[in-house]
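Reader: I should be grateful for a close look at a single part of this structure, namely the sheet and the helices that pack around it. Please explain the arrangement step by step.

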Amino acid sequence: MYDGLLIVLSGPSGAGKGTIHDKVLKILPNIKKSISVTTRKKRINEIEGVHYYFKTEEEYSQMIADGEFLETASVYCHNYGTPKAPVFEMLKNGNDVIFEIDNFGSRQIKKKYPDALTIYIMPPSFKELESRLIARGTESADSLATRLGNAKRELSEYNDFDYIVFNDDADVAAEKVVAIIRAEKCRMNRNEHIIKGMLENKK
């Protein structure tokens, strides 16, 4: 176990995990964000190593073969993944690292790093989730139906996570996530090595 805490925020589309992620970072600005690798083309306003690490399909495939990813997924014909080395380096140095990622990615991370703290962002109701997706005004009827179907499946996977936070108010939900993070950092098993060090050095 590293000194830093690896935090994963997940939830279905429309649950508000992105909003809560950003609010948590404002409350706890010292938390680091992970930077993903992608095979899609770099956009004009994007900076290598800041927004993404941009790789060719061949380079990405080699990284998979070498076991370099914490998690990886294919989205809209492009590959995205989180490299292990920089994340583990930050954790080793005592930095907390936060992810905003889907259920599939969360499960991959938990499998490879069981000490990860996983928090699932839930809408207050399925009807509210539907209303939020409709309010975006970005979905066709078919796309909306697909997202709602995916959301119902994803919501049924809540047992995969350590904590559940219902998001009926984003500010309150963000404060709950912050409280979970602070409590998790006080767990005995995360601090026992410090206590043992103190006892061993007792005069």
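Author: A definition is needed at the outset: axes are lines fitted to C-alpha atoms, for helices over the stretch in contact, and angles run from 0 to 180 degrees between N-to-C directions. The model under discussion is a predicted one.

Let us begin with the sheet. It is open and consists of 5 strands in the order 2-7-1-8-9, with parallel pairing. Strand 2 (32–33) and strand 9 (163–166) each have a single partner strand and stand at the edges, so one side of each is left without a neighbour in the sheet. Within the sheet, strand 1 (residues 6–10) runs parallel to strand 8 (residues 117–122), and 4 bridges join the two. Leu9 stands opposite Ile119 in strand 8.

Helices pack on this sheet. Helix 7 (residues 170–184) touches strand 1, strand 8 and strand 9, and its direction makes about 160° with that of strand 9. Helix 4 (residues 103–112) lies across strand 1, strand 7 (97–100) and strand 8, and runs at about 155° to strand 1.

Helix 7 also meets another helix. The axes of helix 1 (residues 17–27) and helix 7 come within 9 Å and cross at roughly 60°. Helix 1 is therefore oblique to helix 7, and the crossing is right-handed. On the side of helix 1, the contact involves Thr19, Ile20, Lys23, Val24 and Ile27; the residues they meet in helix 7 include Ala170, Ala174, Val177, Val178 and Ile181. Sorted by class, this contact comprises 9 nonpolar, 1 polar and 4 charged residues.

Notes. Residues numbered from 1 in each chain as written. Predicted model: local features only at pLDDT ≥ 70, side-chain atom pairs only at ≥ 80, totals over all residues. Heavy atoms only, no water. Pairing = 2+ DSSP bridges. Contact = heavy atoms within 4.5 Å. Parallel < 35°, antiparallel > 145°, perpendicular 65-115°, else oblique. Left-handed = near helix turned anticlockwise from the far one by under 90°. Nonpolar A, V, L, I, M, F, W, Y, C, P; charged D, E, K, R; others polar.
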